[in-house]
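I set out to look up how the helices of this model are arranged and where selected residues sit. My notes follow the order in which I looked.

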Amino acid sequence: MKNVANTLATSVGKGLVAGFAGTAAMTVSSSVEARLRHRAASSAPARATAKMLGIREFEDPIAEARFNDLSHWGYGT
């Protein structure tokens, strides 16, 4: 039973590392693309998460940006 738990924990850990690395690569590429095209960063992660959680709007743009970053890394990882 201990071996199964170790294997499961190792697999979950590898998946989290892979998700984090993939999200980092996606973040770099989309940031470069946004700068080249002179467009704002995407707010899709925040919109999707807010809709799922029933959040209608943010009063503070800084809070919305932080929420977007957390949503982006959470979904990605």
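**Entry 1. The first helix**

I noted at the outset that the model is predicted. I then asked what covers the buried residues of helix 1, and I found that helix 3 is included in the cover. The buried residues themselves are Gly19, Thr23 and Ala34.

I next looked up the length of helix 1. It has 36 residues and reaches 52 Å from its first C-alpha to its last, which is close to the 52 Å expected at 1.5 Å a residue. Just after helix 1, I recorded a positive phi of about 55° at His38.

**Entry 2. An exposed lysine**

I selected Lys14, which lies in helix 1. Is Lys14 buried or exposed? Its relative accessibility is 59%, and exposed means over 50%, so Lys14 counts as exposed. I also looked up a distance along the helix: the C-alpha atoms of Lys14 and Lys2 are separated by 18 Å, and the two residues are twelve apart along the chain.

**Entry 3. Helix 1 against helix 3**

I turned to the pair formed by helix 1, residues 2–37, and helix 3, residues 61–76. Their axes come within 8 Å and cross at roughly 130°. Helix 1 is therefore oblique to helix 3. On the side of helix 1, the contact is made by Gly19, Phe20, Thr23, Ala24, Met26 and Thr27. On the side of helix 3, His72, Trp73 and Gly76 take part. I sorted the residues of this contact by type and obtained four nonpolar, five polar and no charged.

**Entry 4. A threonine in that contact**

I examined Thr23, which is found in helix 1. Its relative accessibility is 2%, and buried means under 20%, so Thr23 counts as buried. Which residues is Thr23 in contact with, leaving aside its neighbours within four places in sequence? I listed His72, Trp73, Gly76 and Thr77.

I then looked up the polar partners of its side chain. The side chain of Thr23 reaches the backbone oxygen of Gly19 at 2.8 Å. A polar atom of the same side chain lies 3.2 Å from the backbone oxygen of Gly76. Both Gly19 and Gly76 also appear among the residues that make the contact between helix 1 and helix 3.

**Entry 5. Helix 2 against helix 3**

At what angle do the axes of helix 2 and helix 3 cross? I found roughly 90°, with the axes coming within 8 Å; helix 2 covers residues 44–53. Helix 2 is thus roughly perpendicular to helix 3. The residues of helix 2 in this contact are Ala44, Pro45, Ala46, Ala48, Thr49, Ala50, Met52 and Leu53. Those of helix 3 are Glu64, Phe67, Asn68, Ser71, His72 and Tyr75. By type, the residues of this contact divide into nine nonpolar, four polar and one charged.

**Entry 6. A serine in helix 3**

My last entry concerns Ser71, which is found in helix 3. I recorded a relative accessible area of 6%; buried means under 20%, so Ser71 is buried. Setting aside its neighbours within four places in sequence, Ser71 is in contact with Pro45, Ala46 and Thr49. With which side chain does the side chain of Ser71 make a polar contact? The partner is the side chain of Thr49, at 3.1 Å. I noted that Ser71 and Thr49 are both listed in the contact of helix 2 with helix 3.

How values were computed
Residues numbered from 1 in each chain as written. Predicted model: local features only at pLDDT ≥ 70, side-chain atom pairs only at ≥ 80, totals over all residues. Heavy atoms only, no water. Axes fitted to C-alpha atoms, helices over the stretch in contact; angles between N-to-C directions. Helix = DSSP H or I, 4+ residues; strand = E, 2+ residues; numbered from the N terminus. Parallel < 35°, antiparallel > 145°, perpendicular 65-115°, else oblique. Contact = heavy atoms within 4.5 Å. Nonpolar A, V, L, I, M, F, W, Y, C, P; charged D, E, K, R; others polar. Expected span 1.5 Å × (residues − 1). Buried < 20%, exposed > 50% of the residue type's maximum accessible area, 1.4 Å probe, protein only. Polar contact = N/O pair within 3.5 Å; in protein donor to acceptor, adjacent residues only side chain to side chain.
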